[in-house]
Amino acid sequence: MAYETIIIETRGRVGLVQLNRPKALNALNLELLGELGQALAEGQKNEKVRCFVITGSEKAFAAGADIKMMASQSFVDVFAGDLFTPEEDAIMRIRKPIIAAVSGYALGGGCELAMMCDFIIASDTAKFGQPEVNLGVMAGMGGTQRLTKLIGRAKSMDMNLTGRFMDAEEAERSGLVSRVVPTKDLMKEALSAAGKIAEKSMITVMAIKEAVNRAEQLPLTEGILFERRVFHSLFATEDQKEGMDAFAEKREAQFRDK
């Protein structure tokens, strides 16, 4: 399918999605978010795609939600239309891992989109922020919720109330991103990580993603129980037998997602 606001490639077993509104610094409008959700859903059904990487340009991952799209809307418009909910839900339904490769600005909705991914690899030029307060509004796609869970109350309050940006080094130190690499190495690093994930058992990978996400929602004792039962359930798969046999036989496992 042809898309207007994103570019889709397949690199081996990795689905690469590039946000493509360069004149607007990849600002997120409903068309882009809708196309992104659709592309990810298609990749979810494609057995050849085992992991996704979402990226933007060197200058901007995404510089926010499209203000021109929102400026004239009223409370009734955005509330009755449930602005951003269907698009966010579509992304969050994806069970295969998603890596955000972030260079340049990831602000407002751009920061929130990066946080919807399973982890973020950032270039050393990346800047994260939730500056919606400067527009008389607040974050609406996780900027007060996911950000607080990732970096803590104090830093989240700081960013949301002052609108200040967080550079890549602070983002890594605060737990927002998993690693920081030179800009020239960003895509190589992200695709390498995605490639490693793509080699694993997809059943196991999806189970891990589900379990880690539950950690944010459950008390520790309930989370540990959920983890243990999923761990137990993986012993019903052929991939568990293959993985352990391969380890014992000192060879590479040949997983079949069964």
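Select Asp257 to begin: with a relative accessible area of 30%, this residue counts as partly exposed, and in this predicted model Asp257 is found in the segment that follows α12 (238-248). Its backbone deserves a look, since Asp257 has a positive phi of about 60° although it is not a glycine. Most residues other than glycine have a negative phi.

Select Asp82 next, which has a positive phi of about 55° and is likewise not a glycine. The loop that holds Asp82 runs between α3 (75-80) and α4, and the residue is partly exposed, its relative accessible area being 38%.

**The whole chain**

Now zoom out and show the C-alpha trace. The C-alpha atoms fill a box of roughly 60 × 45 × 40 Å when taken along the principal axes. For 258 residues a compact globule would have a radius of gyration near 18 Å, and the 19 Å of this protein agrees with that expectation. Colouring by secondary structure brings up 12 helices and 10 strands. Of the 258 residues, 43% count as buried, while the protein exposes about 14100 Å², of which carbon and sulfur atoms supply 56%. If you turn to a contact map, consider the contacts between residues at least 6 apart in sequence: 65% of these join residues at least 24 apart.

**Strand β3 and Val53**

Select Val53, in strand β3 (residues 51-55). Is Val53 buried or exposed? Its relative accessible area is 0%, so Val53 is buried, the cut-off for that class being under 20%. Display its surroundings, leaving aside neighbours within four places in sequence, and the contacts of Val53 include Val14, Gly15, Leu16 and Val17, together with Ile99 and Ala101. Met187, Ala190, Leu191 and Ala194 are also in contact with Val53. For a distance to check in the viewer, take Val53 and Met116, which are 63 residues apart in sequence and 12 Å apart in space, C-alpha to C-alpha.

**Helices α1 and α10**

Helix α1 (residues 30-45) is the next selection. Its 16 residues, at 1.5 Å a residue, should span 22 Å, and the end C-alpha atoms are 23 Å apart, which agrees. Show side chains for the buried residues of this helix, among them Leu32, Leu33, Leu36, Ala39 and Leu40, and note that Glu35 is also on that list. What do the buried residues of α1 pack against? Their partners are β1 (6-11), β2 (14-19), β3, α4 (85-92), β5 (98-102) and α5 (109-116).

Move on to helix α10 (residues 202-214), whose 13 residues should span 18 Å at 1.5 Å a residue; the end C-alpha atoms are 18 Å apart, in agreement. The buried residues here are Met202, Val205, Met206, Ala207 and Lys209, and what covers them includes α1, β5, α9 (186-198) and α11 (220-233).

**Salt bridges**

Side chains of opposite charge can pair when their charged atoms come close. The count for this model comes to 15 salt bridges, and three are visited here.

Start with Glu9 and Arg11, whose closest N and O atoms are 3.0 Å apart. Glu9 is partly exposed at a relative accessible area of 29%, and Arg11 is partly exposed at 40%.

Go then to Arg164 and Glu170, where the side chains meet in a salt bridge of 2.7 Å, N to O. Arg164 counts as partly exposed at 26% relative accessibility, whereas Glu170 is buried, with a relative accessible area of 9%.

Finally select Arg173 and Glu169, a salt bridge in which the closest N and O atoms are 3.9 Å apart. The two residues are separated by about one helical turn, because they stand four residues apart in helix α8 (residues 168-174). Arg173 is exposed, with a relative accessible area of 59%, and Glu169 is exposed as well, at 58%. Extending the selection to Lys155, Asp158, Arg164 and Glu170 shows one network, joined by salt bridges that share partners.

**A nonpolar patch**

For the last stop, switch on the surface and select Ile67, Leu135 and Val137, which make a nonpolar surface patch of about 280 Å². Of these residues, Val137 lies in the loop between β8 (127-129) and α6 (146-151).

Terms used:
Residues are numbered from 1 along each chain as its sequence is written. This is a predicted model: local features need pLDDT of at least 70, side-chain atom pairs count only at pLDDT 80 or more; totals for chains, interfaces and linings use all residues. Side-chain values use heavy atoms; hydrogens and water are left out. Patches are made of residues with over 30% relative accessible area and no salt bridge: like charges are joined within 9 Å, nonpolar side chains (Val, Leu, Ile, Met, Phe, Trp, Tyr) within 5 Å. Accessible areas come from the Shrake-Rupley method with a 1.4 Å probe; for residues, only the protein chains shown count as cover. A salt bridge is a side-chain nitrogen of Lys or Arg within 4 Å of a carboxyl oxygen of Asp or Glu. The radius of gyration is taken over C-alpha atoms; the globule rule is 2.2 Å times the number of residues to the power 0.38. Buried means under 20% relative accessible area, exposed over 50%, partly exposed in between (1.4 Å probe, protein chains only). Contact means heavy atoms within 4.5 Å. The expected span of a helix is 1.5 Å times one less than its number of residues.
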